[in-house]
Amino acid sequence: MKNRSVQSRLGLNVVAVLWLLLLLVVNAPKGTEADNSVSAFVQNSIFSNKIVIFSKSYCPYCLRAKQMFAELHERPFVVELDLRDDGAQIMYVLLDLVGRRTVPQIFVNGKHIGGSDDLKAAVSSGQLQKVLSAI
């Protein structure tokens, strides 16, 4: 009799745990759809624009990168992360994509150039002009 009582309590505990898990799963945040749309935005930006700069409006390195493109008479598509509600999420997508969370992150013809110093080096070496004229 005592054995059945223990089994009953264990059975009730298992049922309670299963209900709790079910409630957690059903009420879990649905972040994957938003994450997918942010990732899609980043990918679409990179591959739909000749030049993309992921930037922050107050960042001096970002300003320098934008100025370098202006001097080359190029008009990049600029994503100002600090002015967007999903800016932090975009930073994490960039971290997954290029291994960096810093700004600026510059892409030309779908190719990751890097940051401001990388852009300056690419301009100096002539590599940027090759990438710009690739398409």
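**Exercise 1. Decide whether valine 103 is buried, partly exposed or exposed, and describe its surroundings.**

Solution. Start with the cut-offs: buried means under 20% relative accessible area, exposed means over 50%, and partly exposed lies in between, with a 1.4 Å probe and protein chains only. Valine 103 has 17% relative accessibility, so this residue counts as buried.

Next, locate the residue. Helices (H or I, at least four residues) and strands (E, at least two) are DSSP runs, numbered from the N terminus. Valine 103 sits in the loop between α4 and β3.

Then list the neighbours. Contact means heavy atoms within 4.5 Å. With its neighbours within four places in sequence left aside, valine 103 is in contact with Phe54, Ser55, Lys56, Cys59, Tyr61, Cys62, Leu81 and Met91. For one of these residues there is also a C-alpha distance: valine 103 and cysteine 62 are 41 residues apart along the chain, and their C-alpha atoms are separated by 6.6 Å.

The model is predicted; local features need pLDDT of at least 70, side-chain atom pairs count only at pLDDT 80 or more, and totals for chains, interfaces and linings use all residues. Residues are numbered from 1 along each chain as its sequence is written, and side-chain values use heavy atoms, with hydrogens and water left out.

**Exercise 2. State what kind of peptide bond joins valine 103 to proline 104, and where proline 104 is found.**

Solution. The omega angle of this bond is near 0 degrees, and the bond is cis. Proline 104 is found in the loop between α4 (87–98) and β3 (105–108). For comparison, most peptide bonds are trans.

**Exercise 3. Find how many disulfides there are, and check cysteine 59 and cysteine 62.**

Solution. A disulfide is a pair of cysteine sulfur atoms within 2.5 Å. By this rule the count is zero. Take cysteine 59: its nearest cysteine sulfur belongs to cysteine 62 and is 3.2 Å away, and cysteine 59 is in no disulfide. Now take cysteine 62: the nearest cysteine sulfur is that of cysteine 59, at 3.2 Å, and cysteine 62 is in no disulfide.

Accessibility is the last step. Cysteine 59 has a relative accessible area of 7% and is therefore buried. Cysteine 62 has 0% relative accessibility, so it counts as buried.

**Exercise 4. Describe how helices α3 and α5 pack, and what kinds of residue make the contact.**

Solution. Axes are lines fitted to C-alpha atoms, for helices over the stretch in contact, and angles run from 0 to 180 degrees between N-to-C directions. The axes of α3 (residues 60–71) and α5 (residues 116–125) come within 9 Å and cross at roughly 25 degrees.

Compare the angle with the classes: under 35 degrees is roughly parallel, over 145 roughly antiparallel, 65 to 115 roughly perpendicular, and the rest oblique. The two helices, α3 and α5, are therefore roughly parallel to each other.

For handedness, a crossing is left-handed if the near helix is turned anticlockwise from the far one by less than a right angle, and right-handed if clockwise. The crossing of α3 and α5 is left-handed.

On the α3 side, the contact is made by Tyr61, Arg64, Ala65, Met68 and Phe69; on the α5 side, by Ser116, Asp117, Leu119 and Lys120. To sort them, Ala, Val, Leu, Ile, Met, Phe, Trp, Tyr, Cys and Pro count as nonpolar, Asp, Glu, Lys and Arg as charged, and the others, Gly among them, as polar. The result for this contact is five nonpolar, one polar and three charged residues.

**Exercise 5. For histidine 73 and asparagine 109, give phi, location and exposure.**

Solution. Most residues other than glycine have a negative phi. Histidine 73 is not a glycine, yet its phi is positive, about 60 degrees. Its place is in the loop between α3 and β2 (77–80). With a relative accessible area of 72%, histidine 73 is exposed.

Asparagine 109 also is a residue other than glycine with a positive phi, near 50 degrees. This residue lies in the loop between β3 and β4 (111–114). At 23% relative accessibility, asparagine 109 counts as partly exposed.

**Exercise 6. Summarise the secondary structure of the protein chain.**

Solution. Count the elements: there are six helices and four strands. Read them in order from the N terminus: α-α-β-α-β-α-β-β-α-α. Finally, of the 135 residues in the protein chain, 30% are buried.
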